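Let's take a walk through a protein model together. Keep the 3D view open and turn it as you read.

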Amino acid sequence: MEVLASVSSVLSMFALTPVISLMFFIIFLASIGKSLGVRRMYVSLLVKIFEYGRQNIESIRKQQFANLDTSDTDDGSTQAGKETADAGSEGDKPDCASKLNGNANKHLSNGDLANGGNSVISRVESLILLPDVDGTRSKSRESNHEDGQNDSLEFKLSNCLDYVKSGMEAIIEDEVTSRFEAEELKNWNLLTRTNRHYEFISLKLTIIWVFGFFIRYVILMPSRVFICFVGVMWLTLCTALVGCIPEGPTKRWMVKMVLIQCFGVLSSALSSVVNYHNLENRPLNGICVANHTSPIDVLMLMCDNCYSLIGQRHGGFLGVLQRALARASPHIWFERAEAKDRMAVAKRLKEHVSDPNNPPILIFPEGTCINNTSVMQFKKGSFEVGGVIYPVAIKYDARFGDAFWNSSRYSMMQYLYMMMTSWAIVCDVWYLPPMTRGEDESAIDFANRVKGVIAKQGGLVDLVWDGQLKRMKPKKEWMEKQQEEFTKRLKGE
């Protein structure tokens, strides 16, 4: 028995040796910033598989519609004779083929919201007050009574109906809450988290889904966990060693090389494929602002450039990374609930930007993660500091994995588990031309202008609402302004 046990252990060691060697080879390539193009080939193969799945699903649906069409024709036969029934059914029953084509063309494109195309709701946008942008009352459109359509000073019960309709629409589907839900995909990506009950719709699709499940959970996930563990350990060790070097040009160069190398290793743990555009606009100093979808936004950007970071202090896995980074380079971590700390953060931010030797500081002005479909209100703090602002637009391809982190629903470890079991993380990063604040431009107007540029480049919806509505109720003054506007409407002012 002992001999058999020893033989089995030797065989298992020889079986694992090629796998471990392959993983270390992947880590080595990532650390030197090289790639054999395997990940891009893998992503291209996934696109073809998803397309095959779409065609398979549509063919099954067409058969189902055809069967439904046949059964409707049989049920429509009457005693007047088959010819009369057929003639009547051709004129009365809907064209199932046109229905199918209409449904096929009705698919939402990637990045749209699950209920974003709801045609039942036609919003009374003239009644929706938006948050203040410059200290004055702001509305999406002019009210009807301002257009001369409601000049009567008499109170009419019908004056309330528009507000009732607007309130019911907001309860059914408001444009803020939907920004914290997963994106709606055009095609099913063979993940049960985006399941539409398609995995058992046909034998071919079932076989592909089972095989993909095996690949993701038995091959990809263990390999990614191992690479991530090695990457975190390597980052912790390297930042500790670099932190011992005296301040100067040598340390700054070492920090940049080490961070790009370590984050390259960590990105390989997610099978990341990142496309960088307009490299001539890559920030060198000052403030870099970007839309925020996930904590891995930092990972995507740090693979190409070195940044100082500013953000909320975390515990757990993120806390380990924050403490490791703080050993090597200047970063700003703060407690969101401490008002005094915010003043200190603003002061440290100005000090950091005033030193040309410091790397650009990366800021996510939204203050929370949005689901990769829109850009919400930018906080004005980072735009009051002065200096050059470098906008960056980040857009993920949700077909391969939903990068959005709903922190109110999933913990960091749950989110990492979902990332490790996704197909891949594919995104585009656009470096936009640097922007400066105008002489007569307020910080809020400047923030909105930068936000608009990022939204346009990334194909995102530009919203004025505060992303913190994900965690808190609307401000009391917003509700009071709605009441004030309603009163003026009733008075006919």
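How many salt bridges does the structure hold? In this predicted model, there are 8 salt bridges.

Let's start in helix α2, which spans residues 38-75. Here the side chains of Glu58 and Arg54 meet in a salt bridge, with N and O 3.0 Å apart. These two sit 4 residues apart, about one turn of the helix. Why does that spacing help? An α-helix has 3.6 residues a turn, so residues three or four places apart point the same way. Both partners are partly exposed: Glu58 has 24% relative accessibility, and Arg54 has 22%. The pair isn't on its own either, as Glu51, Arg54 and Glu58 are linked in a network of salt bridges.

Now find Lys251 and Glu247, whose side chains also form a salt bridge, at 2.9 Å from N to O. Their surroundings are a nice contrast: Lys251 counts as buried, at 6% relative accessibility, whereas Glu247 is exposed, at 67%.

Another salt bridge joins Arg282 and Asp304, and their closest N and O atoms are 2.9 Å apart. This one links distant parts of the chain, 22 residues apart: Arg282 is in the loop between β3 and β4, while Asp304 is in the loop between α8 and β5. Arg282 is partly exposed, at 26%, but Asp304 is buried, at 17%.

While you're in the loop between β3 and β4, look for Asn278. Its phi is near 55°, a positive value in a residue other than glycine. Asn372, in the loop between β7 and β8, also has a positive phi, about 70°. Are these two buried or exposed? Asn278 is partly exposed, at 32%, and Asn372 is buried, at 2%.

Next, head inside to helix α9, residues 316-328, where the buried residues include Leu318, Leu321 and Leu325. What covers the buried residues of α9? The cover includes α6, α7, β5, β6 and α11.

Helix α6 has something to show on the surface too. Ile219 lies in this helix and is partly exposed, at 39%. Together with Phe214 and Val218, Ile219 makes a nonpolar surface patch of about 260 Å².

Finally, what about disulfides? A search of the whole structure finds 0 of them. Take Cys427, which is buried at 1% relative accessibility. The closest cysteine sulfur, in Cys303, is 9.0 Å from the sulfur of Cys427, so the two are too far apart for a bond. Cys244, on the other hand, is exposed, at 63%.

How values were computed:
Residues are numbered from 1 along each chain as its sequence is written. This is a predicted model: local features need pLDDT of at least 70, side-chain atom pairs count only at pLDDT 80 or more; totals for chains, interfaces and linings use all residues. Side-chain values use heavy atoms; hydrogens and water are left out. A disulfide is a pair of cysteine sulfur atoms within 2.5 Å. Buried means under 20% relative accessible area, exposed over 50%, partly exposed in between (1.4 Å probe, protein chains only). Patches are made of residues with over 30% relative accessible area and no salt bridge: like charges are joined within 9 Å, nonpolar side chains (Val, Leu, Ile, Met, Phe, Trp, Tyr) within 5 Å. Accessible areas come from the Shrake-Rupley method with a 1.4 Å probe; for residues, only the protein chains shown count as cover. A salt bridge is a side-chain nitrogen of Lys or Arg within 4 Å of a carboxyl oxygen of Asp or Glu. Contact means heavy atoms within 4.5 Å.
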